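Please look over the structure shown below, keeping its sequence beside it. The report that follows goes through it topic by topic.

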Amino acid sequence: MDMVMKLGSSSAVVIFTKSSCCISHSIETLIRSFGANPIVYELDTHPNGKQMEKALMELGCEPSVPAIFIGKELVGGANEIMSLNVRGKLKQLLIRAKAIWV
């Protein structure tokens with residue numbers, strides 16, 4: 001779990017995904033559409049992917065991907081990101097995390 005938390009806090013936006021997950025791709029595209037440049041870890045191709053996936057599940061991510069950290073904090077998965085976007089709060093969160101500038 002420490003490795004996931006360390007990686008999650010290594011950049012303004014960090015996304016844990018799997019290369020075969022279309023929802024992960026959609027969330028990454030959404031975040032990039034604001035101008036953010038997230039660090040992306042694809043668990044199915046990462047050497048420690050299985051351990052990272054287990055740690056994400058222990059943190060409450062179900063399903064395990066996508067898991068999004070913004071501003072060094074675990075925001076959650078696709079539902080949380082889409083909810084923030086629909087309510088117009090995702091952009092402000094990205095600005096506060098210094099992931100984008102307006």
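## Confidence in the model

In which element of the chain is confidence lowest, and in which is confidence highest? The model is a predicted one, and its confidence is lowest in helix α1, residues 2-8, with a mean of 89, whereas strand β3 has the highest value, at 97. Over the chain the mean pLDDT is 94, and 100% of the residues reach 70 or more. As a general caution for reading predictions, coordinates should not be read in detail where pLDDT is low.

## The nonpolar cores

The largest nonpolar core contains 17 residues, and the members that touch the most others are Val 13, Ile 31, Ile 68, Ile 70, Ile 81, Leu 90 and Leu 94. Two or more residues of this core come from each of the elements β1 (13-17), α2 (22-33), β3 (67-70), α4 and α5 (90-96). A second core, separate from this one, has 14 residues, including Leu 7, Leu 43, Ala 55 and Ala 67. In soluble globular proteins, nonpolar side chains tend to be buried together.

Val 13 offers a way to see how parts of the chain that are apart in sequence meet in the model. When neighbours within four places in sequence are left aside, Val 13 is in contact with Ile 31, Pro 38, Ile 39, Phe 69, Ile 70, Leu 94 and Ala 99.

## Two buried residues that are not nonpolar

Thr 17 belongs to strand β1, and this residue is buried, because its relative accessible area is 2%, which falls under the 20% limit. Beyond its neighbours within four places in sequence, Thr 17 is in contact with Ser 24, Val 40, Tyr 41, Glu 42, Leu 43, Asp 44 and Val 65.

Is Glu 28, a residue of helix α2, buried or exposed? Glu 28 counts as buried, because its relative accessibility is 17% and the limit for a buried residue is under 20%. Not counting residues up to four places away in sequence, Glu 28 touches Ile 15 and Val 40. Val 40 therefore appears among the contacts of Glu 28 and also among those of Thr 17, if contact is taken to mean heavy atoms within 4.5 Å.

## The largest pocket

The largest pocket holds about 200 Å³ of space. Its lining is made up of 13 residues, and those that lie nearest the centre of the pocket are Glu 62, Pro 63, Gly 77, Ala 78 and Glu 80. Helix α4, residues 78-86, gives the largest share of this lining, with three residues. Sorted by kind, the lining residues are seven nonpolar, four polar and two charged.

Helix α4 also holds Ser 83, which is partly exposed, because its relative accessibility of 31% lies between the limits of 20% and 50%. Between the C-alpha atoms of Ser 83 and Gly 60 there are 18 Å in space, while the two residues are 23 apart in sequence.

## Cis peptide bonds and positive phi angles

Where in the chain do cis peptide bonds occur before Pro 63 and Pro 66? One joins Glu 62 and Pro 63, with an omega of about 5°, and another runs from Val 65 to Pro 66, with omega near -5°. Pro 63 lies in the loop between α3 (49-58) and β3, and Pro 66 is placed in the loop between α3 and β3 as well.

Lys 72, in the loop between β3 and β4 (73-76), has a phi near 70°, which is a positive value in a residue other than glycine. Lys 72 counts as exposed, because its relative accessibility is 56%, over the 50% limit. Lys 98, in the segment after α5, likewise has a positive phi, about 60°, although it is not a glycine. Lys 98 is exposed too, because its relative accessible area is 60%.

## A loop residue and a distant partner in sequence

Ser 10 is found in the loop between α1 and β1, and with a relative accessible area of 45% it is partly exposed. Ser 10 and Phe 69 are 59 residues apart in sequence, yet their C-alpha atoms are 9.6 Å apart in space.

Conventions: Residues numbered from 1 in each chain as written. Predicted model: local features only at pLDDT ≥ 70, side-chain atom pairs only at ≥ 80, totals over all residues. Heavy atoms only, no water. 1 Å grid on protein atoms, 1.4 Å probe; cavity = no way out; pocket = protein on both sides within 12 Å on 5 of 7 lines; lining within 4 Å. Points joined across faces, edges and corners; volume = space filled by probe spheres on them. Helix = DSSP H or I, 4+ residues; strand = E, 2+ residues; numbered from the N terminus. Nonpolar A, V, L, I, M, F, W, Y, C, P; charged D, E, K, R; others polar. Core = buried A, V, L, I, M, F, W, Y, C linked by side-chain atoms within 4.5 Å. Buried < 20%, exposed > 50% of the residue type's maximum accessible area, 1.4 Å probe, protein only. pLDDT = per-residue confidence, 0-100.
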